[in-house]
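Colleague: I am new to this structure and would love a guided tour of a single part of it. Could you pick one region and take me through it closely?

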Amino acid sequence: MFKRNYNTRIFFVLFGISVIVFSLSLAYFLSGFENRVFIGGIILLISLGLSSFLSKKLSEPIEKLNEAVKRISRGDFDYQLNITDSKELRELSENFNSMARDLSQSYKKLKEQTESLIQQNEELQEFNAELEASYEQLEALTHELEISERKYRLLVENIRDILWVTDKNFIIEFVNSRVIRYLNYTPHELIGKSIFEIVDEDSREILKNMMEGKINFSEINFKSKEGLLVITETYVKRLKIDEEVVGIQGISRDITEIYYVKKQIAEKNNEILAISDVGKLLTSGSDIKEVLNNIVEKVAELLNSPLCTIREYNPYFHKFVLLVKGGELKDYPVSEEIKLSEEDINELVNLKEIKIKDIEEFPCSEKITPIFAAKDVYSVVIVPLIFRNETKGILTVWTATNTVKNMSLLRSIASAVSVAIENSKLYDEIKKVYIKTIEALAYAMEAKDLYTKGHSMRVSQYAVLIGEYMGFSREKIEQLRIAGILHDIGKIGISDTILLKKGKLLEEEYNVIKSHPEISKKILMPIDLPKEILEAISKHHERYDGKGYPYGLKGEEIPIEAAILGVTDAFDAMTSDRAYRKGMTIEEAINELLKYKGTQFHPEVVDAFISLYMNEKHRLEEIKNQVFSNAS
Ligand SMILES: [Fe+2]
Ligand SMILES: [Fe+2]
């Protein structure tokens, strides 16, 4: 409305101007030329005045409005527009002022909001800065983590041990690539499989114990893809979630090489110990058979052999004669003599090589062969016993085929045994020669007196018979035989005037005679005879009631061998002729023995003698008569 009214007024003003311009123009064309300049000037002045007035009148509110707009645009929202020219302009002025107020309020609000925004922005910037800092930190940490993870991965992959993780059912969840090198599996091939598939049976039990927490370190034997055993030292940690075991993680170090080196060292050590043991056995006894018995038992134990023998080689008949046998099957009969093929003899005797023969090809008792098979024993190792470059015998060891690795031990033992056998033989020879010499001396001494000739031999023979009746071992009987022959050897040291004196001896002469057991002992001491022989000789004049000499021993203090010699010595003395008397008959002598049983003589020995007399009197007579014929 305002716009229309305002426009109308402008329209009328312009319209008036146009009417004037038109009137003047008309007057211009109607008037003469002389007045044209004057009239034009008048019209121009009127137009200018009118225009100036109109423009001033019209532009004043506009200028005010313009000023107001400028002030407001500069932020002076309190500026009030005051135009009162017309109703429309007044309304415009009021509306403008109202708008300025609204604008002022909006500006204030906006300003407040802006300030708030600025504050928020500042806070946001601060937060952003913090965030940026955090992000940088995070980035740095991530970087470190990446480096650390990379290092860890490198460590896990390049570590020389196998790292593995299983769940509680032993299913492999992780294994590092080191497993390729040691077991020839890829991790991909193993993940999802049971770890039990790649360890041996014993190790499965160990792993179960590890899962239960009973142990956390042990040897675990893995099996490679090709089935080869890889021995490891394994350390295990149990994995738990909320106190519940969910699996185990292990680190396994390959110690196969070390294990075998250690094993080799242990085996060598055992060999050394075994050789040392055998060495000790070689010097443990005076009897070579006892020594060899101990050795075969030791070899059987060392090589886990059920039977081990030592045989002597007879080069004339090419036979191997059994000396000793040991091991758990030693009580089974084995051939006393065996013959080997020419090829075997050549290898053992000429080439002196160890032979391993199939059990079927080696001659031994048929009864024993099935027992070997039942014990998984299929081979016989035959080791030549070489002395001074000659095969003197063989050591045979029945065993499983894997005994080959103990060859060096067998050679060492065989060498020691050969030396022992030969030394023993040499020693036996020397001993035999010595005993023979002493025997010869004893016979020579007895020969001086016709009536005592053969005494020692007879005492020896009677003693052997009694030993048999009393159930003595062969060894003890042999001891009795030697003791009987040598029992009066001490008389060598007694002068003939006393020994051969006819008639009663003086006390001091008898005392000299009584020293002969002691002299015997001194003579025999250098030849390392078994102590039973020396005891029997030195105590053969002791009496059961303690009235004997030289020690006055009684009862069970007297060794049984000495007691036997005491009885047989007296029996021969009674049954032998003397220059001054005739010898008793066997029956008379037996009666004497019975008479002095329990006083002079050992009752058990007398009983054995009576038993001998009752059962085999002829053997007593043979001995007695044999000597009688010699003496005559
Ligand atoms: Fe005597
Ligand atoms: Fe005698």
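**A hairpin and its sheet**

Modeller: Happy to! Keep in mind that this is a predicted model. Let us begin at the hairpin of S3 and S4, where five residues lie between the strands and Gly227 has a positive phi near 90°. On either side of that turn, strand S3 (residues 217-223) and strand S4 (residues 229-241) are paired antiparallel through seven bridges. To find one of these pairs for yourself, look for Ile220, whose bridge partner in S4 is Thr232.

Now follow S4 onward. Strand S5 (residues 244-254) runs antiparallel to S4, and ten bridges join the two. Here you can look for Lys240, which stands opposite Val245 in S5.

With those strands in view, step back to the whole sheet. Five strands make up an open sheet in the order S2-S1-S5-S4-S3, and their pairing is antiparallel. So where does this sheet end? Its edge strands are strand S2 (172-175) and S3, each of which pairs on one side only. The strands do not lie parallel to one another like ruled lines: neighbours in this sheet are turned by 30° against each other on average, direction ignored.

Finally, add the helix. Helix H6 (residues 201-211) packs on the sheet and touches S3, S4 and S5. The direction of H6 makes about 135° with that of S3. That brings us back to the strand where we started: S3 pairs with S4, stands at an edge of the sheet and is touched by H6.

Notes. Residues are numbered from 1 along each chain as its sequence is written. Chains are lettered from A and ligands numbered from 1 in the order in which they are written. This is a predicted model: local features need pLDDT of at least 70, side-chain atom pairs count only at pLDDT 80 or more; totals for chains, interfaces and linings use all residues. Two strands pair if DSSP finds at least two bridges between them. Helices (H or I, at least four residues) and strands (E, at least two) are DSSP runs, numbered from the N terminus. Axes are lines fitted to C-alpha atoms, for helices over the stretch in contact, and angles run from 0 to 180 degrees between N-to-C directions. Two residues are in contact if their C-beta atoms, placed from the backbone, lie within 7 Å.
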